[in-house]
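Trainee: I am new to this structure and would be grateful for a close look at a single part of it. Could you please take one region and explain carefully what surrounds it, before turning to the wider setting?

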Amino acid sequence: MFSRLLYGAQNTLGGAVIALAVALVIGIPTGLLAGYYGSWFDSVSSWVVNLVMALPAMVVLLASRAILGNTVWVLMIVMGVLVAPSFFRLVRGIVVTVRNELYVDAARVSGLRDWRIIGRHILIVVRGPIIVQISLVAGVAIGLQAGLEFLGIGSGSTPTWGAALNEAFQNIQRAPVLMVWPGVALGVTSAALVLFGSSVRDILEEGAGEPPRAVALPAEAPRDADSAPRGTLLSVRDLAVAYARDGGGEKEVVHGVSLDIDTGRILGLVGESGSGKSQTAFSVLGILPQGGRVSRGSITVGGTEIVGLPEKRHRGLRGRTIAYIPQEPMSNLDPSFTIGSQLVEPMRVTLGLGAAEARTKAIELLRMVEIADPERTFRSYPHQISGGMAQRVLIAGAMSCDPELVIADEPTTALDVTVQAEVLNLLRRLQSERGMGVLLVTHNLGVVADICDTVAVMEHGRIVETGTVAQVLTAPSHPYTQRLLASVLDESDVRPPWRDPSTEVTPA
Amino acid sequence: MNATPLIELDDVRVAFTGGGLRRTKTEVLHGVSLDIRPGETHGLVGESGSGKTTIGRAILGLVPLESGSIRFRGERIDGLRGTRRRALATQVQVVFQDPYTSLNPSLTIGDTLAEPLRAQGMGLADARRRIRELLDAVALPSGAADRLPREFSGGQRQRVAIARALAIRPALIVCDEAVSALDLTTQRTVLELLLSIQKETGVSYLFISHDLSVVRHMSHRVSVIYRGDIVESGDAAVVTSAPSHPYSRKLLLSAPVVDPAAQAERRRQFESEFAGARR
């Protein structure tokens, strides 16, 4: 039995290899061409592919056996043609997305020929998915082939796993165990192929970077922090944020940050990317990304300690006391729901309003954020409004629960500068009308000068300087703040007019 | 002052064809004219959707023109294809905005830099030598050649992109938001790098940005583009500090400055000029 299996493997796997080779030779080049050039070739080939995919594979195989004769090899070639579309579709889909990548444009500008661009830049991207697809298709091919043999349609003379299954089936009364071995061989081979394919892919794309694992650890008890002064809305003391490392252990990214925001004041938290400013803001909101936790320190909002607060109570706080204005307005709106429903839903849940009431309030909020036609915006979908308008909608949403504290994370960074000026004006007006405290995270010192009362400068997870905006921006004391301000280009940094270098005596 | 322009755009119109059966065309550039002289930086400032990137892409031959012409050293280059277009690659290069997607993540820095050199038929040994020179010119260690883009920070990747653009000694580099994704201090060092390269090599830049202060610092001349039209053009000092067109004024007054007192004054002015006009 074992020897039959081994010998049958040669034919079974050989057949699968032929089918695969045919599929690859047809599928990949056409997919590359269709994806890269598009136009008529794309339309025609996609049409053909859809047609082939619509054909029932088994029936075509049976028919071709009747016409082309009864050998495994011919059947496998036909099968190759039938599975080629799965490669075509895969390759074409990836190529269409890669075609417009900037590095492909850069290669084109470098004067590379199209075939070199396809070979170097595009093939390298599709190879991973192709390898995985190969292992899947190989499994399918083996299975289909075994199915044919089992039905007794293959060439009866060649020993294959499917033929073995067939014979076993005929003798099922006498020796039922015979069924098991070809079945096991088929199953193990398919599984092995998939695992092999995935690991080859992983080796090729090695170190693509796994996301840090989530480790839920309770925060240590806050160190005895000096108590916050009265009248302080938000008080952060000795806050540290740590992320779980891949190999175990933790990496601290915020090292003992302390800051205060009084009611009705705006604090600007500035720093460059990686300084820990967003991590600090996320800690206050209790929405640190996976793997991150507050590892020490205390955060109080209106006197309530929120470090170590159960998630449910934290959520309640986020809905009512603390509001959040995110950086990317568009990606924070769900494209499949209207603006109105996205405003109404949270109000019904957190404030317990009825449908009509919530609707009235939503329109009122849209009017409050200076949207010209609130009724129409209420009915619009996110793709129908501009980025600036989307940010106004999110601000309206943040205001719906009458928050005491607003955390705004780079709220104008994604906006055009003229829109930014308007949104900042809006924020300033709302803040002074409602007496809210605002923590404004930004990298833009101009925005700080425009809207903030106090400012804290962060570098490498530490606050290096705090003070009033006038102090810090006009007379910075820390070297990092000085360097940051020196990098700002102001009106004196203007380039003089061009002069013809050929007529010039001393180069400017 | 009358040196012949290196590149000259005359009444350039670009339209994009929409999908669907009717294939409606949307014009995104409505007759843009500008020129750049040798060794000059021409700044192009505008907001998203203004068409500033499309101008760069038209020069690079990445989008077809609807009408108008682009001349390089007096010769028409719009509509060039195949070999003649590739020959132009030695003259016109590009630095894109996003240092994370403009480098192929699977190629080493050395391979990325070798690509344009090899495409121009340079031998392996010469290419290696040139790559060392280039890494040196953009202040990256020579060991960088064997490493992959993901091992570098945004600022370092942008240096690689600049090195790639410089590789074959072009006459013009299109810088499309080349420093917008960088941190303030990194941005400043990359800008200074671009200026010193220009001083040494005499390369021209088309410097495209949404940031008026960056354009002011980098450009001899500046054009302001608004919805596919250039609304104002002239010396940097005039256009970026005392503009006359209302849109250029709005751009200037909406960009906040870091001096709190000056910013309060600027905001007051912004509101008096534009607050009533909004919708």
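**A close look at A:E305**

Mentor: The residue A:E305 belongs to strand 5 of chain A, a strand that covers residues 304–305. Please bear in mind throughout that this is a predicted model. With a relative accessibility of 27%, A:E305 is classed as partly exposed, because that class lies between the buried limit of under 20% and the exposed limit of over 50%.

Let us turn to the surroundings of this residue. Once residues up to four places away in sequence are set aside, A:E305 touches A:S298, A:I299 and A:T300. Two of these neighbours deserve a separate description. The side chain of A:S298 is joined to the side chain of A:E305 by a polar contact of 3.0 Å. With A:I299, the partner is a backbone atom: the nitrogen of A:I299 lies 3.1 Å from a polar atom of the A:E305 side chain. A:T300 completes the list of contacts given above. As a further point of orientation, A:I407 is 102 residues away from A:E305 along the chain, and the C-alpha atoms of the two are separated by 17 Å.

Two other residues of chain A may be set beside this one. A:T232 is part of strand 1, which comprises residues 232–244 of chain A. Its relative accessibility is 13%, so A:T232 counts as buried. Apart from residues up to four places away in sequence, A:T232 touches A:D260, A:I261 and A:D262.

The other residue, A:D42, is located in a helix, namely helix 2 of chain A, residues 39–54. A:D42 has a relative accessible area of 13% and is therefore buried. Outside its neighbours within four places in sequence, A:D42 is in contact with A:A34 and A:R92. With A:R92 there is also a polar contact between the side chains, at 2.5 Å.

A word on cysteines is also in order. Over all chains, a search of the whole structure finds 0 disulfides. A:C401 has a relative accessible area of 14% and is thus buried. B:C175, at 0% relative accessibility, is likewise classed as buried.

We may now consider the wider setting, namely the contact between the two chains. Chain B contributes 71 residues to this contact and chain A contributes 60 residues. Between them, chain B and chain A bury about 5600 Å², of which 56% is on carbon and sulfur atoms. The interface of chain B and chain A holds 2 salt bridges. One of the charged pairs is A:D450 with B:R267, which form a salt bridge whose closest N and O atoms are 3.0 Å apart. Across the interface of chain B and chain A there are also 17 residue pairs in polar contact, both residues being at pLDDT 80 or more. On the side of chain B that touches chain A, the elements giving two or more residues include strand 6 (92–95), helix 3 (109–119), helix 6 (184–201) and helix 10 (260–275) of chain B. Helix 6 of chain B gives the most to that side, with 7 residues. By type, the residues of the side of chain B that touches chain A comprise 29 nonpolar, 19 polar and 23 charged.

Key: Residues are numbered from 1 along each chain as its sequence is written. Chains are lettered from A and ligands numbered from 1 in the order in which they are written. This is a predicted model: local features need pLDDT of at least 70, side-chain atom pairs count only at pLDDT 80 or more; totals for chains, interfaces and linings use all residues. Side-chain values use heavy atoms; hydrogens and water are left out. A disulfide is a pair of cysteine sulfur atoms within 2.5 Å. Buried means under 20% relative accessible area, exposed over 50%, partly exposed in between (1.4 Å probe, protein chains only). Helices (H or I, at least four residues) and strands (E, at least two) are DSSP runs, numbered from the N terminus. Contact means heavy atoms within 4.5 Å. A polar contact is a pair of N or O atoms within 3.5 Å; within protein, one must be able to donate a hydrogen and the other to accept it, and residues adjacent in sequence count only if both atoms are side-chain atoms. Buried area is the accessible area (1.4 Å probe) that two parts lose on being put together, summed over both. A salt bridge is a side-chain nitrogen of Lys or Arg within 4 Å of a carboxyl oxygen of Asp or Glu. Ala, Val, Leu, Ile, Met, Phe, Trp, Tyr, Cys and Pro count as nonpolar, Asp, Glu, Lys and Arg as charged, and the others, Gly among them, as polar.
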